[in-house]
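Visitor: I would like to take a close look at a single part of this protein, one helix, and to understand how its two sides differ. Could you take me through it slowly, with its surroundings included?

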Amino acid sequence: MPRCLYADLNPDDHGFVLLLEDLIDAVPGHRLVGLDTREAALVLRALAQVHAAWWQSPVLRELDWPVETYTQRYAEELQDCFMGRWPKVGDDPRYDLPVKAQSAVRLLPDCIVGDLLDLSSGPRTRIQSDLHSENLSLDGDRVVLRDGQIVGELAGEQIN
């Protein structure tokens with residue numbers, strides 16, 4: 001995460017100030033360009049560090065932000081949503097998916113409900129739930145995850 005140098009919140013009007021480290025030398029990600037294999041490996045390693053740092057932490061029980069859990073009904077609605085949208089992506093020539101990826105995606109509908117219900121049963125950790133290349137920067141071998149919500153929640157916590 002970007003190092004939080006100072007953070008304060010005015011409880012009266014909910015105004016805030018958040019002073020983060022200067023990331024001028026870090027290269028921001030680009031949604032259309034994506035990541036090469038080395039960069040993707042760096043990002044996955046950084047995410048694993050974030051997840052591991054909070055794995056089954058008792059602090060998670062004290063937080064007042066909602067914990068995402070999936071009911072059978074909600075998981076089925078998400079599955080239906082996926083099924084309704086996937087044909088549009090799968091048939092769109094702008095998305096030239098390799099044959100293996102197309103085969104794997106055909107298996108997803110059968111897995112969605114069970115996987116979401118499994119995720120809801122724990123274990124708990126904090127995650128970066130809005131990961132895309134525009135929410136990260138690369139600074140050599142360092143990945144900086146940028147997301148206002150997660151930075152605010154992790155103010156004072158440093159993951160290198």
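Guide: Let us begin with the outward side of helix H1, where the face turned away from the buried side carries the exposed residues Thr37, Leu44, Arg45 and Ala52. What you are looking at is a predicted model, and every value below is computed from it.

The buried residues of H1 are Glu39, Leu42, Val43, Ala46, Leu47, Val50 and Trp54. These residues lie on the same side of H1, because the arc that they cover around the axis is only 130°. A general rule helps in reading such a list: an α-helix has 3.6 residues a turn, so residues three or four places apart point the same way.

The length of H1 can be checked by a short piece of reasoning. The helix takes in the 18 residues from 37 to 54, and at 1.5 Å a residue these should span 26 Å; the C-alpha atoms at its ends are 26 Å apart, and so the expected span and the model agree.

Now turn to what lies over the buried side. The cover of the buried residues of H1 includes strand E4, residues 136-139, and strand E5, residues 142-145. The largest nonpolar core of the protein has nine residues in all, namely Leu42, Val43, Ala46, Leu47, Val50, Leu136, Leu138, Val143 and Leu145. H1, E4 and E5 are the elements that give two or more residues to this core, and H1 gives the most, with five residues. There is a general tendency to set beside this: in soluble globular proteins, nonpolar side chains tend to be buried together.

The start of the helix deserves its own look. Asp36 is found in the loop between strand E3 (27-28) and H1, and because its relative accessibility is 40%, Asp36 counts as partly exposed. A side-chain oxygen of Asp36 reaches to within 3.1 Å of the backbone nitrogen of Arg38 at the start of H1, and a polar atom of the Asp36 side chain lies 2.8 Å from the backbone nitrogen of Glu39. The side chain of Asp36 can therefore be followed to two backbone nitrogens, that of Arg38 and that of Glu39, the second of which belongs to one of the buried residues of H1.

Arg38, which has its place in helix H1, also leads us to a distant part of the sequence. With 44% relative accessibility, Arg38 counts as partly exposed. Leaving aside its neighbours within four places in sequence, Arg38 is in contact with Gly140 and Asp141. Arg38 and Asp141 are 103 residues apart in sequence, yet their C-alpha atoms are 9.3 Å apart in space, and a polar contact of 3.0 Å joins their side chains.

Beyond the other end of the helix, H1 is followed by Gln56, which is found in the loop between H1 and helix H2 (72-90). The phi angle of Gln56 is near 55°, a positive value in a residue other than glycine. Gln56 is partly exposed, with a relative accessible area of 46%. A residue elsewhere in the chain can be set beside it: His14, in the loop between strand E1 (4-9) and strand E2 (16-20), has a phi near 60°, again a positive value in a residue other than glycine. His14, however, is exposed, with a relative accessible area of 59%.

It remains to place H1 in the whole. The protein has four helices and five strands, and from the N terminus on its elements run β-β-β-α-α-α-β-β-α. Of the 160 residues in the protein, 24% are buried. Among the contacts with a separation of 6 or more, 68% are between residues 24 or more positions apart, and the contact of Arg38 with Asp141, across 103 residues of sequence, is an example that you can find in the structure yourself. The protein exposes about 11,400 Å², of which carbon and sulfur atoms supply 55%.

To draw the picture together, H1 has a buried side covered in part by E4 and E5, an opposite face with exposed residues such as Thr37 and Arg45, Asp36 at its start and Gln56 after it.

Note on methods. Residues are numbered from 1 along each chain as its sequence is written. This is a predicted model: local features need pLDDT of at least 70, side-chain atom pairs count only at pLDDT 80 or more; totals for chains, interfaces and linings use all residues. Side-chain values use heavy atoms; hydrogens and water are left out. The expected span of a helix is 1.5 Å times one less than its number of residues. Buried means under 20% relative accessible area, exposed over 50%, partly exposed in between (1.4 Å probe, protein chains only). The arc is that of the directions from the helix axis to the C-beta atoms. Contact means heavy atoms within 4.5 Å. A polar contact is a pair of N or O atoms within 3.5 Å; within protein, one must be able to donate a hydrogen and the other to accept it, and residues adjacent in sequence count only if both atoms are side-chain atoms. Accessible areas come from the Shrake-Rupley method with a 1.4 Å probe; for residues, only the protein chains shown count as cover. A nonpolar core is a set of buried Ala, Val, Leu, Ile, Met, Phe, Trp, Tyr and Cys residues joined through side-chain atoms within 4.5 Å.
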